[in-house]
Amino acid sequence: MSFLESSRPCLGRNTVAKDVFKSFAQHLKRHGLRLTEERKGILNLILSMKGHFSAEQILNKIKKDELAASRATLYRLLPVLVEAEVIQQSLLSEGQTRYEVTWDKDHHDHLICKNCNRVIEFQDNTIEILQREIASKYGFKLEHHVMELVGLCSRCQKSGSSGR
């Protein structure tokens, strides 16, 4: 199944893909860069990934899909995709860097199990309001935030795991 065929029906995958590519091409142009075939291929592959993923998982998929893209290009492209707000970087427990596509997703925060690395996404308006109030109290203009709460998930608590 191609990227454009593996749709999220309610969002119209063709429209989302076109919007991402158009916006990303404009972002690159503003920074004096071009949307090369190699970058298009990596972006297409990343947009097809589900959940939270590592650079190594992207590299494995590049190899599996026989995509003509280098490790160096991927590692140079990841921060650009973060800056363009196509993906978000998260630092999971034990310093593991993960990414997730955030282009067409509502804002959310994470609960991260330090034992099994399970990630639970949640959204809580009370927390969002409190963050804005705190920023305002200190005269800070809040533009973006990432909240990651690290602990033990219910499964690891039940199994008696206390973390690594």
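These legends go with a set of close-up views of a predicted model.

**Figure 1. The whole chain, a mix of helices and strands.** Before zooming in, here's the general layout of this predicted model. The protein has 6 helices and 5 strands. Walk along the sequence and they come in the order α-α-α-α-β-β-β-β-α-β-α. The protein is 164 residues long, and 35% of those residues count as buried. You'll also find 4 salt bridges in the structure; some of them turn up in the views below.

**Figure 2. Helix α2 packed with helix α3.** Here we look at α2, which covers residues 37-47, and its packing with α3. The two axes are 11 Å apart, and the angle between them is about 110 degrees. An angle from 65 to 115 degrees counts as roughly perpendicular, so that's the label α2 and α3 get. As for handedness, α2 and α3 make a right-handed crossing.

**Figure 3. Helix α3 crossing helix α4.** Next along the chain, α3 (residues 55-64) meets α4 (residues 71-83). Their axes come within 11 Å and cross at roughly 135 degrees. That angle makes α3 oblique to α4. The crossing of α3 and α4 is right-handed.

**Figure 4. A salt bridge between Arg 71 and Glu 56.** Stay with α3 and α4, but look at the side chains this time. Arg 71 and Glu 56 pair up in a salt bridge, with 3.1 Å between the closest N and O atoms. Arg 71 sits in α4 and Glu 56 in α3, so this pair ties together parts of the chain that are 15 residues apart in sequence. Are these two buried, partly exposed or exposed? Arg 71 is partly exposed, at 44% relative accessible area, and Glu 56 is partly exposed too, at 37%.

**Figure 5. Asp 65 and Lys 61 side by side in a salt bridge.** In this view, the side chains of Asp 65 and Lys 61 meet, with an N to O distance of 3.3 Å. Asp 65 has a relative accessible area of 41%, which puts it in the partly exposed class. Lys 61 comes in at 25% and is also partly exposed. For a residue to count as buried, that value would have to be under 20%.

**Figure 6. Lys 141 and Glu 143, a salt bridge out in the open.** The closest N and O atoms of Lys 141 and Glu 143 are 3.8 Å apart. Both residues are exposed, with Glu 143 at 68% relative accessibility. Glu 143 belongs to the loop between α5 and β5. Also worth finding here is Arg 132: its C-alpha atom is 9.8 Å from that of Glu 143, and the two residues are 11 apart along the chain.

**Figure 7. A nonpolar patch on the surface.** Which residues form this patch? Look for Leu 130, Ile 134, Tyr 138, Phe 140 and Leu 142, which together have about 540 Å² of accessible area. Phe 140 is a handy one to pick out, in the loop that runs from α5 (125-137) to β5 (148-151). Its relative accessible area is 55%, so Phe 140 counts as exposed. The loop is the one that also holds Glu 143, the salt-bridge partner of Lys 141.

Technical notes: Residues are numbered from 1 along each chain as its sequence is written. This is a predicted model: local features need pLDDT of at least 70, side-chain atom pairs count only at pLDDT 80 or more; totals for chains, interfaces and linings use all residues. Side-chain values use heavy atoms; hydrogens and water are left out. Patches are made of residues with over 30% relative accessible area and no salt bridge: like charges are joined within 9 Å, nonpolar side chains (Val, Leu, Ile, Met, Phe, Trp, Tyr) within 5 Å. Accessible areas come from the Shrake-Rupley method with a 1.4 Å probe; for residues, only the protein chains shown count as cover. Helices (H or I, at least four residues) and strands (E, at least two) are DSSP runs, numbered from the N terminus. Buried means under 20% relative accessible area, exposed over 50%, partly exposed in between (1.4 Å probe, protein chains only). Axes are lines fitted to C-alpha atoms, for helices over the stretch in contact, and angles run from 0 to 180 degrees between N-to-C directions. Angles under 35 degrees count as roughly parallel, over 145 as roughly antiparallel, 65 to 115 as roughly perpendicular and the rest as oblique. A crossing is left-handed if the near helix is turned anticlockwise from the far one by less than a right angle, and right-handed if clockwise.
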